[in-house]
Amino acid sequence: MITLRNVQPTDLEQLLFIENEGFAIEEAATKEAFIERIQLIADTFIIAEREGEILGYINGPIINQPYITDDLFKEIKENPKRGGYQSILGLAVSRRARGQGIAKVLMEKMEELGEENNREGITLTCKEELVSFYEKLGFVNHGLSESKHGGVSWYNLVKLRAGEN
């Protein structure tokens, strides 16, 4: 059985291991970025685990605009209680736990949090090969992002809350 919970400072080493399994060194969040996210946005930093082993995670701050900008990878602020867009800066699943629907469960949890906190929608950037995965979850591809994070091309994907236009 998979359980979901908010991040704890003691998760740092396991999180860094999974991050570096899932992202190239130029794209991966740094230890300092993880420490900042754990301190500032634990309310939107969700861990999936089974029997104490972290299988994956999702995180991102609340932002005021529908698209992610590169500065978010360097500096974030605490989340407002209501409104804004839920950004996804990181979604990663351990190699050993892939293919079990964990990324989808984490995305669904983020959507629930968005509904509960009156967010306008969820926004993320992804590489071309992941666009169809997010489209199956109801995201709309808004085309190439201005992001140059990690020196690769990213696509803006947005999913507005039900009832929003």
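1. Lysine 104 counts as partly exposed in this predicted model, its relative accessibility being 40%. Its salt-bridge partner is glutamate 108, with the closest N and O atoms 3.2 Å apart, and glutamate 108 is likewise partly exposed, at a relative accessible area of 36%. Because lysine 104 and glutamate 108 stand four residues apart in helix 3, about one helical turn separates them.

2. A second pair in helix 3 is formed by glutamate 112 and lysine 109, whose side chains meet in a salt bridge at 3.8 Å, N to O. These two residues are three places apart in helix 3, which is again about one turn of the helix. Glutamate 112 has a relative accessible area of 43% and is partly exposed, while lysine 109 is partly exposed with a value of 23%. The spacing in both pairs fits a general property: an α-helix has 3.6 residues a turn, so residues three or four places apart point the same way.

3. The geometry of helix 3 itself can be checked against expectation. Helix 3 comprises 15 residues, 102-116, and at 1.5 Å a residue should span 21 Å; the C-alpha atoms at its ends are 21 Å apart, which agrees. The buried residues of helix 3 are Ile102, Ala103, Leu106, Met107, Met110, Leu113 and Gly114. They cover an arc of only 140 degrees around the axis, and therefore lie on the same side of helix 3. Just after helix 3, asparagine 118 adopts a positive phi of about 60 degrees, a place a colleague may wish to view directly.

4. What does the largest nonpolar core contain, and which residues have the most contacts inside it? It has 23 residues, and those with the most contacts inside it are Ile58, Leu91, Met107, Leu124, Tyr134, Phe139 and Leu157. At least two residues of this core come from each of strand 2 (45-50), strand 3 (53-59), strand 6 (90-93), helix 3, strand 7 (121-126), helix 4 (131-136) and strand 9 (155-160). Helix 3 supplies the largest share, six residues.

5. Another core, of 14 residues, lies apart from the largest one and includes Leu15, Ala29, Phe45 and Ala92. Isoleucine 58, one of the residues with the most contacts inside the largest core, touches Phe45 as well as Thr44, Ile46, Ile88, Gly90, Leu91, Leu106, Met107 and Met110, when residues up to four places away in sequence are not counted.

6. In helix 1 (residues 12-22), the buried residues include the nonpolar side chains of Leu12, Leu15, Leu16 and Ile18, together with Glu19 and Glu21. The buried residues of helix 1 pack against helix 2 (31-40), strand 2, strand 3 and strand 6.

7. How many salt bridges does a search of the whole structure find? There are eight, one of them joining glutamate 49 to arginine 5, with the closest N and O atoms 3.0 Å apart. This pair links distant parts of the chain, since glutamate 49 belongs to strand 2 and arginine 5 to strand 1 (residues 3-6), 44 residues apart. Glutamate 49 is buried, with a relative accessible area of 14%, whereas arginine 5 counts as partly exposed at 23%. Both residues also belong to a network of salt bridges in which Asp11 is the further member.

How values were computed
Residues numbered from 1 in each chain as written. Predicted model: local features only at pLDDT ≥ 70, side-chain atom pairs only at ≥ 80, totals over all residues. Heavy atoms only, no water. Expected span 1.5 Å × (residues − 1). Buried < 20%, exposed > 50% of the residue type's maximum accessible area, 1.4 Å probe, protein only. Arc of directions from axis to C-beta. Core = buried A, V, L, I, M, F, W, Y, C linked by side-chain atoms within 4.5 Å. Contact = heavy atoms within 4.5 Å. Salt bridge = Lys/Arg side-chain N within 4 Å of Asp/Glu carboxyl O.
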